[in-house]
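Good morning, colleagues. Please look at the structure on the screen while I go through a few of its local features.

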Amino acid sequence: WNVNYWELEKQDVIITDVGLSFYQQNTAPTGAKLGDRWLNTNNMNEFIYVKISDSPEIFQWMDLSGDYPGDSAS
């Protein structure tokens, strides 16, 4: 609490049981591992680090907000 509103602390939280990391910061973390999560503190969207290709191996942050072209509420 900063007197006016709640603020997130900018820190890494390690989930030791499964070896995953949860990041809270305004830029995408580097050195992420498959399954790591990231909360973008600029827009409060949450992401997960996924593998999108086997050959060559390509990984990227996938937005979990569900706001994708073609999404519907049905």
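I begin with Asp63, which lies in strand E5, covering residues 58-63. Please keep in mind that this is a predicted model. Which side chain of opposite charge is nearest to Asp63? It is that of Arg37, 9.8 Å away, and Asp63, although buried, has no salt bridge. A salt bridge here requires a side-chain nitrogen of Lys or Arg within 4 Å of a carboxyl oxygen of Asp or Glu, so a separation of 9.8 Å does not qualify. Asp63 does have polar neighbours. Its side chain makes a polar contact with the side chain of Asn45, at 3.4 Å. In addition, a polar atom of the Asp63 side chain lies 2.8 Å from the backbone nitrogen of Ser65.

Let me now place that strand in the overall fold. The chain has five strands and zero helices, and its pattern along the sequence reads β-β-β-β-β. Of its 74 residues, 24% count as buried. If one takes the contacts between residues at least 6 apart in sequence, 13% of them join residues at least 24 apart.

As for strand pairing, E2, residues 20-25, and E3, residues 37-40, run parallel and are joined by four bridges. Within that pairing, Gln25 has Asn40 in E3 as its bridge partner. On the other hand, E3 pairs with E4, residues 45-53, in the antiparallel sense, over four bridges. The hairpin of E3 and E4 has four residues between the strands, and there Met44 takes a positive phi near 60°.

The pairing of E3 with E4 leads to the aromatic residues. Which residue in E4 stands opposite Trp38? That residue is Phe47. A pair of aromatic rings is described by the distance of the centres and the angle of the planes. The structure holds four aromatic pairs. Trp38 and Phe47 form one that is stacked, with 4.5 Å centre to centre and 25° between the planes. Both residues are buried. They also belong to one aromatic cluster, together with Tyr49, Phe59 and Trp61.

I turn finally to the charged side chains. How many salt bridges does the model contain? The count comes to four. Among them is the one between Lys33 and Asp36, at 3.6 Å from N to O. Its two partners have contrasting surroundings: Asp36 is buried, with a relative accessible area of 0%, whereas Lys33 counts as partly exposed at 39%.

Another salt bridge links Glu46 to Arg37, with the closest N and O atoms 2.9 Å apart. Glu46 is partly exposed, at a relative accessible area of 27%, and Arg37 is likewise partly exposed, at 32%. This is the Arg37 that I mentioned as the nearest side chain of opposite charge to Asp63.

Lys51 and Asp54 also form a salt bridge, their closest N and O atoms being 3.1 Å apart. Here Lys51 is partly exposed, with a relative accessible area of 34%, while Asp54 is exposed, at 61%. Through salt bridges that share partners, Lys51, Asp54 and Glu57 are joined into one network.

To close, I return to the residue with which I began. Asp63 is buried and without a salt bridge, yet its side chain has a polar contact with Asn45. Thank you for your attention.

How values were computed:
Residues are numbered from 1 along each chain as its sequence is written. This is a predicted model: local features need pLDDT of at least 70, side-chain atom pairs count only at pLDDT 80 or more; totals for chains, interfaces and linings use all residues. Side-chain values use heavy atoms; hydrogens and water are left out. Helices (H or I, at least four residues) and strands (E, at least two) are DSSP runs, numbered from the N terminus. Buried means under 20% relative accessible area, exposed over 50%, partly exposed in between (1.4 Å probe, protein chains only). Lys and Arg count as positive and Asp and Glu as negative; His and the chain ends are not counted. A polar contact is a pair of N or O atoms within 3.5 Å; within protein, one must be able to donate a hydrogen and the other to accept it, and residues adjacent in sequence count only if both atoms are side-chain atoms. Rings of Phe, Tyr and Trp (its six-membered ring) pair if their centres lie within 6.5 Å; planes under 30 degrees apart count as stacked, over 60 as edge-to-face and the rest as tilted. Two strands pair if DSSP finds at least two bridges between them. Contact means heavy atoms within 4.5 Å.
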